[in-house]
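Welcome! Here is a short tour of some side-chain contacts, written for someone meeting this structure for the first time.

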Amino acid sequence: MKIVFISDTHGKHDNLKLPAGDMLIHAGDVSAKGTLQQMQLFLDWFEKQPFTYKIFIAGNHDFLAERDSHLFESMIPSNCIYLKNNGISIEGIQIWGSPITPWFYNWAFNVHRGAAIAPYWAQIPADTDILVTHGPPYGILDETVTGFKVGCEALAQKIQTLNLKIHVFGHIHEGYGVQKVGETTFINASVLDLNYKLSNLPVVLTV
């Protein structure tokens, strides 16, 4: 299966050129400010993309998905799959997704580090093949332009107990890239750079 990974489109999805594939996975921040109009525009676009499977999570900019989750989830097209601390099995591939990121100025889906955030990661099933989170684990494609590593420590600890094939995330735009650690391929799929310009390509892998 050919999978296309993207993240952090922030409302600029119309200008994104996607390669062909079987599955499209978006790792959150689909909007700029998470308004109803912005979220609807993204869903209209996502629905039309020519992939057999279309999966996405929310990110810290996607406020509607947190503040009025019932309304937002009622807006999701029937051919799109939204994950929020849950998973799905597709053609034998176990996929689990979460919008949670460590606390930063009270954005959407922010949870304090340490004991508060760890229970979210404890929910990740042991048989997960592809993990989709908005934020990175600590120490992997998580370095900011100031040189600080800002990924989640508790997430990194949880990942050490799993046998993931792929972990995709975004959030830290300047961390864009692919890194292989052991048997796991880590992908920071942020298509926008630090200046919110569409300068990074979608990442494509075959599973």
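The notes below cover aromatic pairs and then salt bridges.

This is a predicted model. The structure holds 10 aromatic pairs, and a search of the whole structure finds four salt bridges. One aromatic pair and three of the salt bridges are described here, with the parts of the chain they join.

**Aromatic rings**

- Among the aromatic pairs is the one between Phe72 and Tyr82, which is edge-to-face, with 5.2 Å from centre to centre and 85° between the planes.
- Phe72 belongs to helix α3 (residues 69–75) and Tyr82 to strand β4 (residues 81–82), so this pair ties together parts that are 10 residues apart in sequence.
- Both of these residues, Phe72 and Tyr82, are buried.
- Phe72 and Tyr82 also belong to a cluster linked by ring pairs, together with Phe42, Trp45, Phe46 and Phe56.

**A salt bridge from helix α3**

- Helix α3 appears again here: Glu73 in this helix pairs with Lys84 in the loop between β4 and β5 (86–90), linking distant parts of the chain that are 11 residues apart.
- In the salt bridge between Glu73 and Lys84, the closest N and O atoms are 3.2 Å apart.
- Glu73 counts as partly exposed because its relative accessibility is 36%, and Lys84 counts as partly exposed at 27%.

**A salt bridge from helix α5**

- Glu153 and Arg113 meet through their side chains in a salt bridge, at 2.8 Å from N to O.
- Since Glu153 lies in helix α5 (residues 153–159) and Arg113 in the loop between β8 (110–111) and α4 (118–122), the pair ties together parts that are 40 residues apart in sequence.
- Glu153 is partly exposed, with a relative accessible area of 35%, and Arg113 is partly exposed too, at 37% relative accessibility.

**A salt bridge between two loops**

- Lys165 forms a salt bridge with Asp129, and their closest N and O atoms are 2.9 Å apart.
- Lys165 sits in the loop between α5 and β10 (166–169), while Asp129 sits in the loop between α4 and β9 (130–133); the pair links distant parts of the chain, 36 residues apart.
- Is each partner buried or partly exposed? Lys165 counts as partly exposed because its relative accessibility is 42%, whereas Asp129, at 11%, falls under the 20% cut-off and so counts as buried.

Note on methods. Residues numbered from 1 in each chain as written. Predicted model: local features only at pLDDT ≥ 70, side-chain atom pairs only at ≥ 80, totals over all residues. Heavy atoms only, no water. Phe/Tyr/Trp six-rings, centres within 6.5 Å; stacked < 30°, edge-to-face > 60°. Helix = DSSP H or I, 4+ residues; strand = E, 2+ residues; numbered from the N terminus. Buried < 20%, exposed > 50% of the residue type's maximum accessible area, 1.4 Å probe, protein only.
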